[in-house]
Amino acid sequence: MSTPAIYARAAGTAERVLRKYGGDFLLEQVTITENPGAGTATPVTTTHAVKGVVFGYAEKYIDGTRVLRGDLQVLLPAQSLTVSPTEGWAIYLAPTADASKRYRVVSPMQPLVPDGSTNILYSLQ
């Protein structure tokens, strides 16, 4: 089996496992639509349903700067993700927009791309 085929297969496996065992989450994107003529700016919120898993960080990774106590890592399958969240987005660790389960994305999405072209998983903090 060729290297690209192995990574494509790994991405498919990640997708199947996360779909079967992962939780239902919502990604929230807020963009600002500006109207310079009127001097107004209107926030527009878009949500994206995703499957994923959540982990706390091991004590050895908590450095008080990049990773704080209470930070979470969320893994999302790359194959079904149609957007790329960045800093300032939010993720609800629930299938609905439950404010008590809303977390702000503080680190851009980090893809797992072992061959430089096949995204397998995304990790966000």
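1. Let's start with T46. With a relative accessibility of 31%, T46 counts as partly exposed, because that value falls between the cut-offs of under 20% for buried and over 50% for exposed. Keep in mind as you look that this is a predicted model. T46 belongs to strand β2, which covers residues 40-56. Which residues does T46 contact, once its neighbours within four places in sequence are left aside? They are L27, E28 and Q29. Try finding Q29 in the picture: T46 and Q29 are 17 residues apart along the chain, yet their C-alpha atoms are separated by 5.2 Å.

2. Staying in strand β2, have a look at H48. Is H48 buried or exposed? H48 has a relative accessible area of 17%, so it is buried. Setting aside neighbours within four places in sequence, H48 is in contact with F25, L26, L27, Q29, V83 and W89. L27 and Q29 should look familiar, since T46 also contacts them.

3. Now step back to the whole protein. How many helices and strands does the protein have? There is 1 helix, and there are 7 strands. Reading from the N terminus, the order is α-β-β-β-β-β-β-β, so you can follow the chain from the helix into one strand after another. The C-alpha trace spans about 60 × 35 × 25 Å along its principal axes.

4. A few totals help to describe the chain. Of the 125 residues in the protein, 32% are buried. Among contacts with a separation of 6 or more, 51% are between residues 24 or more positions apart. The accessible surface comes to about 7800 Å², and carbon and sulfur atoms account for 53% of that surface. As for charge, there are 11 positive and 10 negative charges, and their mean positions lie 9 Å apart.

5. Next, the inside. The largest nonpolar core has 14 residues. Which of them touch the most other members? They are L27, V74, L76 and I91. The elements giving two or more residues to this core are β1 (23-35), β3 (72-77) and β7 (121-124). There is also a second, separate core of 6 residues, with A11, A14, L75 and L121 among its members.

6. L27 deserves a closer look. Apart from its neighbours within four places in sequence, L27 is in contact with T46, T47, H48, V50, L76, L81, V83, P85, W89, A90 and I91. Two of the other well-connected core residues, L76 and I91, appear in that list. T46 and H48, met in the opening points, are there as well.

7. A14 takes you to the second core, where it is one of the members. A14 lies in helix α1 and is buried, with a relative accessible area of 13%. Beyond residues within four places in sequence, A14 contacts P77, I120 and L121. L121 is another member of the second core. L75 belongs to this core too; A14 and L75 are 61 residues apart in sequence, and their C-alpha atoms are 9.9 Å apart in space.

8. Right after A14 in the numbering comes E15, which is also in helix α1 (residues 3-21). Is E15 buried or exposed? At 10% relative accessibility, E15 counts as buried, because the cut-off for buried is under 20%. The side chains of E15 and R19 are joined by a polar contact of 2.9 Å. Not counting residues up to four places away in sequence, E15 touches P77, Q79 and S80. P77 is also a contact of A14.

9. Follow that contact across to S80. S80 sits in the loop between β3 and β4 (90-92). With 30% relative accessibility, S80 counts as partly exposed. Its contacts, leaving aside neighbours within four places in sequence, are E15 and R19, and E15 and R19 are the pair joined by the polar contact described above. For a sense of distance, the C-alpha atoms of S80 and T40 are separated by 35 Å, with their positions 40 residues apart along the chain.

10. Finally, T40 leads us to E34. E34 lies in strand β1. Is E34 buried or exposed? At 62% relative accessibility, E34 counts as exposed, because the cut-off for exposed is over 50%. E34 touches T40 and A41, not counting residues up to four places away in sequence.

Conventions: Residues are numbered from 1 along each chain as its sequence is written. This is a predicted model: local features need pLDDT of at least 70, side-chain atom pairs count only at pLDDT 80 or more; totals for chains, interfaces and linings use all residues. Side-chain values use heavy atoms; hydrogens and water are left out. Helices (H or I, at least four residues) and strands (E, at least two) are DSSP runs, numbered from the N terminus. Buried means under 20% relative accessible area, exposed over 50%, partly exposed in between (1.4 Å probe, protein chains only). Contact means heavy atoms within 4.5 Å. Accessible areas come from the Shrake-Rupley method with a 1.4 Å probe; for residues, only the protein chains shown count as cover. Lys and Arg count as positive and Asp and Glu as negative; His and the chain ends are not counted. The place of a charge is taken as NZ of Lys, CZ of Arg, CG of Asp or CD of Glu. A nonpolar core is a set of buried Ala, Val, Leu, Ile, Met, Phe, Trp, Tyr and Cys residues joined through side-chain atoms within 4.5 Å. A polar contact is a pair of N or O atoms within 3.5 Å; within protein, one must be able to donate a hydrogen and the other to accept it, and residues adjacent in sequence count only if both atoms are side-chain atoms.
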